[in-house]
Amino acid sequence: IFGIVSCGKSEENNKQLDTTKNEEQQTDNNNENVEEDTQEENKEVEYINIAPEEVRIPILMYHSISDDDPNNNLLVPPSMFEEQMAWLEANEFTAMNLDEALEAMETGKVPKRPVVITFDDGYSDNYTSAFPTLKNHGLKATFFVITDGVDDGYYMSSDMLKEMQSAGMSIQNHTANHLELDKLSREDAYDAIKRGQDFLRNNIGSDASYLCYPVGKYNDETIEIEKELGIKAATTTQGGISSIGDGLYQLKRVRIYPMGIESFAFSEYIY
């Protein structure tokens, strides 16, 4: 009987020791996680100062993050997008929103490895596929949404957009109806831009200060409307690395389509 009781006490003591060790190990792991988070938060961006006209920032243009249709070059597979974002993080690129990019272009103070990541249209897979990957790699992006499509199930919902904005993403205007602005009357073009702007401000809480032209189409009248509505800048579909010399309402972008990481890598744009 004594032997059985002693064994029972020994097992109980061992269990208590194991529990204590596990708790200590968990505490150590939590402390390590806090230290890693703190290091990430304290990680400093390295800036340089150059003439504003020399600032060149790649603005990446994505659409859908999906592998549903391999023949559609607007769809980048999630695994490929993950590889690209991992490359940006590993090479210490600084992902900027458009406010930050414009400030860099106007002042000449720019990160050594700048990049702006943008998405057109507002597909739901931007939330389910792109958003988690961006967060995992500590990157932020700008999402240009067609506001008439919000909450229809095919595009992102208002709640998705608000969650993304709260997490540091920028939600901006791709007009209400995605019609080619240069083919509309001034009244209709104004309405398409203004309704998109109003929706984002009233429903998402976005400043809606930027516009992405549907199909890249615009004209001088479009730019006049943007200035009237207080829009700071606009992105096009014209290929190239963006600079202030383009004009704030004619910012170039780099179209991203399914490609290997060797083609994606653009280390030549590191200052």
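Of the 271 residues in this protein, 42% count as buried. What you have here is a predicted model, with a mean pLDDT of 88 and 82% of residues at 70 or more. The rundown below goes from confidence to overall build, then on to the aromatic rings.

**Where to be careful**
- Residues 1-15 stay under 50 in pLDDT, and the model gives them zero contacts beyond four places in sequence.
- Residues 34-41 are also below 50, again with zero contacts in the model beyond near neighbours in sequence.
- Where pLDDT is low, don't read the predicted coordinates in detail.

**Overall build**
- The protein has eight helices and twelve strands.
- Take the contacts between residues at least 6 apart in sequence: 68% of them join residues at least 24 apart.
- The accessible surface adds up to about 14,000 Å², and carbon and sulfur atoms account for 44% of that.

**Aromatic pairs**
- Searching the whole structure turns up eleven aromatic pairs.
- One of them is Tyr123 with Tyr154, an edge-to-face pair with centres 5.8 Å apart and 90° between the planes.
- Tyr123 sits in the loop between strand 7 (114-121) and helix 4 (125-136), while Tyr154 sits in the loop between strand 8 (142-145) and helix 5 (158-166), so this pair ties together parts that are 31 residues apart in sequence.
- The two partners differ in exposure: Tyr123 is buried because its relative accessible area is 16%, under the 20% cut-off, whereas Tyr154 counts as exposed because its 52% is over the 50% cut-off.
- Tyr213 and Tyr218 make a stacked pair, at 4.3 Å centre to centre and with 15° between the planes.
- In that stacked pair, Tyr213 is buried at 1% relative accessible area, and Tyr218 is partly exposed at 24%.

**An aromatic cluster**
- Tyr62, Phe81, Phe119 and Phe143 come together as one aromatic cluster.

**Lysines over rings**
- Lys109 lies over the face of Tyr47, 5.0 Å from the ring centre.
- Lys135 does likewise with Phe131, lying over the ring face at 4.3 Å from the ring centre.

How values were computed:
Residues numbered from 1 in each chain as written. Predicted model: local features only at pLDDT ≥ 70, side-chain atom pairs only at ≥ 80, totals over all residues. Heavy atoms only, no water. pLDDT = per-residue confidence, 0-100. Contact = heavy atoms within 4.5 Å. Helix = DSSP H or I, 4+ residues; strand = E, 2+ residues; numbered from the N terminus. Buried < 20%, exposed > 50% of the residue type's maximum accessible area, 1.4 Å probe, protein only. Areas by Shrake-Rupley, 256 points an atom, 1.4 Å probe, with all protein chains shown as cover. Phe/Tyr/Trp six-rings, centres within 6.5 Å; stacked < 30°, edge-to-face > 60°. Lys NZ or Arg CZ within 6 Å of the ring centre and 35° of its normal.
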